[in-house]
Amino acid sequence: MNLFNIFDSITQVDPEFNERVSPRRDAIRNMMSFGKKVSLAAMPFVMSDLFSRAYGQTPTDVNGVLNYALTLEYLEAEYYTIGASTAGLVPTGPAAGAIATIRDHENAHVAFLKQVLGNAAVAKPTFDFTAGGAFANVFSNYDTFLALAQAFEDTGVRAYKGQAGILKGNRVVLTAALQIHSVEARHASHIRQMRRARGGAAANQKPWITGANDSGIGAAVDPVYAGEDLKVQAGVDITTLNGVSGKLSADAATQSFDEPLAAPAVLDIAKLFIR
Amino acid sequence: MKETTSTNESLATVDQQLSSKQLQRRNFLKLAGAGAAGVAFLGMVGCSKDDDGPDQGGDGLYFGSGDIAILNYAYALEQLEAAFYIEVANKPYSGMSDWEKMLFTDIRDHEIAHREFFKAALGTNAISNLEFNFGAVNFSNRDNVLATAKTFEDLGVSAYNGAGWLIKDVAYLGLAGKIVSVEARHAALVRDLISNGSFANSEVIDSNGLDVANSPTVVLQAAAPFIKSKVDVRDLPTY
């Protein structure tokens, strides 16, 4: 599969997209109120039906975003599936429990997105989590495994954020994307705590991102955190705002807002791990 | 729907500390949010005669309409969270570790950053400062503080997730996205402080791996017991 084709389809956003969707809002609203009455298990089918009805004329834009998401979820799902099943990698107990929880979520995201996309779903790429040898011990060294997990989660959070604009006003797809997005952020928070508990280079990890690359694993993951050190939001410099005693710190300013990452940057990261 | 149920379940721990009157309200909410009846709340008249929570119509603080109303809605939630964590940091519960002290100081500053950002961004459209009632929270008790924090963080995540599609301006949507993931990082951390590994358990994540999304109506009703000021959200977009 060619990731750059996906990227092209995402960036060629139909400028009339919103106008075209708006008249269909009522159809969506009706479908959703119907959806409330059906069992949760049946929802993906309802949604699938909804997509083909509401977006019949411009399936490539929304599907492009969904396939982009699916590709990232494929990557995460396979990563944790391999990690969880590799003997001796993740310590038994709470660590193994957490990795299993995250693995199950990523696999659920894959299943959910595939169900929503139906025949339009892209196939799973072939992954190389060593990134051509750069992370040769990814499945034999627990710290490397966690470090890469953190990079994937923090990237995932940024990737979903970067696509929200294309889904603006779309009750079903935007809401589902946001619901996945916050799960990735919960994962990132927990992985960061797991790394902190390991000490060493990760001893200063916090559940949130401070400045730009705060991972403690060096410049290899600089692209994951590029731009995370933004202190000005919508023209408001957060460090000029009043805190409890004095102005808010630069750390607080960067921690309190997670930044989006555009598709080209995300795909540059992802393609390191795709054969 | 499941989303509503799980939020109410997560409120359960806090409810142990609430008065019976508030419990009655919660049961009312549970009924109202349980199905299509939630739509009847659009008029926000359900609790207008209560005097221990926000009067959501009439002469309260007017949120405005459209995106301005949604920003004021977010501003109100950030005011609530900031006020709560300022208390937590001011009155550390007994046995608060240095690590926990640092975490809660960080979270407090994040919520103040969000609050002050919305205030600055809204300018003259911003609602005034809300007054809160944390009488049901025992700030010296770790379990109680963490349970309340969990409620607020999960509720905040569900609020941004559920309001995203109502936002018309793509820049505002982007800002909501930048904030909601930080709230989710908080939620996971607080949950782990309560019970390691509960950062994203089945209370909040469904079988599709999706987090909770709640409408503004459901969120405001859940926050109602903590909000003393009267608010007027008649033109706040909801569903």
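Here is a walk through a predicted model of two chains, A and B, stop by stop.

**Colour by confidence**

Start with the whole model, which scores ipTM 0.81 and pTM 0.81. Colour by pLDDT and look at chain A: the average is 82, and 78% of the residues score at least 70. Switch to chain B, where the mean is 83 and 76% of residues reach 70 or more.

Now select residues 1-60 of chain A. Over that stretch pLDDT stays under 50, though the model still has 68 contacts beyond four places in sequence for it. Do likewise with residues 1-52 of chain B: pLDDT stays under 50 there too, and the model has 79 contacts beyond four places in sequence for this segment. Where pLDDT is low, don't read the predicted coordinates in detail. You may want to fade both segments before moving on.

**Chain A on its own**

Show chain A as a cartoon. You'll find 11 helices and 2 strands, and following the sequence gives α-α-α-α-α-α-α-α-α-β-β-α-α. Of its 275 residues, 46% count as buried. If you draw the contacts with a separation of 6 or more, 70% of them are between residues 24 or more positions apart.

Next, pick helix α11 of chain A, residues 263-270. A263(A), V266(A), L267(A), I269(A) and A270(A) are buried here. Turn the view to look down the axis of α11(A): the buried residues fall within an arc of 155°, so they line one face of the helix.

Then jump to D222(A), in helix α9 (residues 222-225) of chain A. Is D222(A) buried or exposed? It's exposed, because just 11 other C-beta atoms lie within 10 Å, and 12 or fewer is the cut-off for that label. While you're there, put a distance on A212(A): D222(A) and A212(A) sit 10 residues apart in sequence, and their C-alpha atoms are 7.8 Å apart.

**Over to chain B**

Hide chain A and bring up chain B. This chain has 7 helices and 2 strands, in the order α-α-β-α-α-α-α-α-β. Buried residues make up 54% of its 239 residues. Among the chain B contacts with a separation of 6 or more, 78% come from residues 24 or more positions apart.

**Where the chains touch**

Show both chains again and select the contact between them. Chain A brings 55 residues and chain B brings 48. On the chain A side, α3 (25-37), α6 (94-117), α7 (142-163), α8 (171-198) and α10 (250-255) each supply at least two residues. Which helix gives the largest share of that side? Highlight α8(A): it provides 17 residues. Colour the chain A side by residue type and you get 26 nonpolar, 21 polar and 8 charged.

**Into the core**

Last stop: the largest nonpolar core, with 131 residues. Select A69(A), A177(A), Y73(B), L80(B) and A223(B), the members that touch the most others. The biggest contribution to this core comes from helix α3 (residues 66-90) of chain B, with 14 residues.

Zoom in on A177(A) to finish. Setting aside neighbours within four places in sequence, A177(A) is in contact with A69(A), Y160(A), Q163(A), A164(A) and L167(A). Keep A69(A) highlighted, since it appears both in that contact list and among the core members that touch the most others.

Note on methods:
Residues are numbered from 1 along each chain as its sequence is written. Chains are lettered from A and ligands numbered from 1 in the order in which they are written. This is a predicted model: local features need pLDDT of at least 70, side-chain atom pairs count only at pLDDT 80 or more; totals for chains, interfaces and linings use all residues. Two residues are in contact if their C-beta atoms, placed from the backbone, lie within 7 Å. Helices (H or I, at least four residues) and strands (E, at least two) are DSSP runs, numbered from the N terminus. Ala, Val, Leu, Ile, Met, Phe, Trp, Tyr, Cys and Pro count as nonpolar, Asp, Glu, Lys and Arg as charged, and the others, Gly among them, as polar. A residue is buried if 20 or more other C-beta atoms lie within 10 Å of its own, exposed if 12 or fewer, and partly exposed in between; C-beta atoms are placed from the backbone. A nonpolar core is a set of buried Ala, Val, Leu, Ile, Met, Phe, Trp, Tyr and Cys residues joined through C-beta atoms within 7 Å. The arc is that of the directions from the helix axis to the C-beta atoms. pLDDT is the predictor's confidence in each residue, from 0 to 100.
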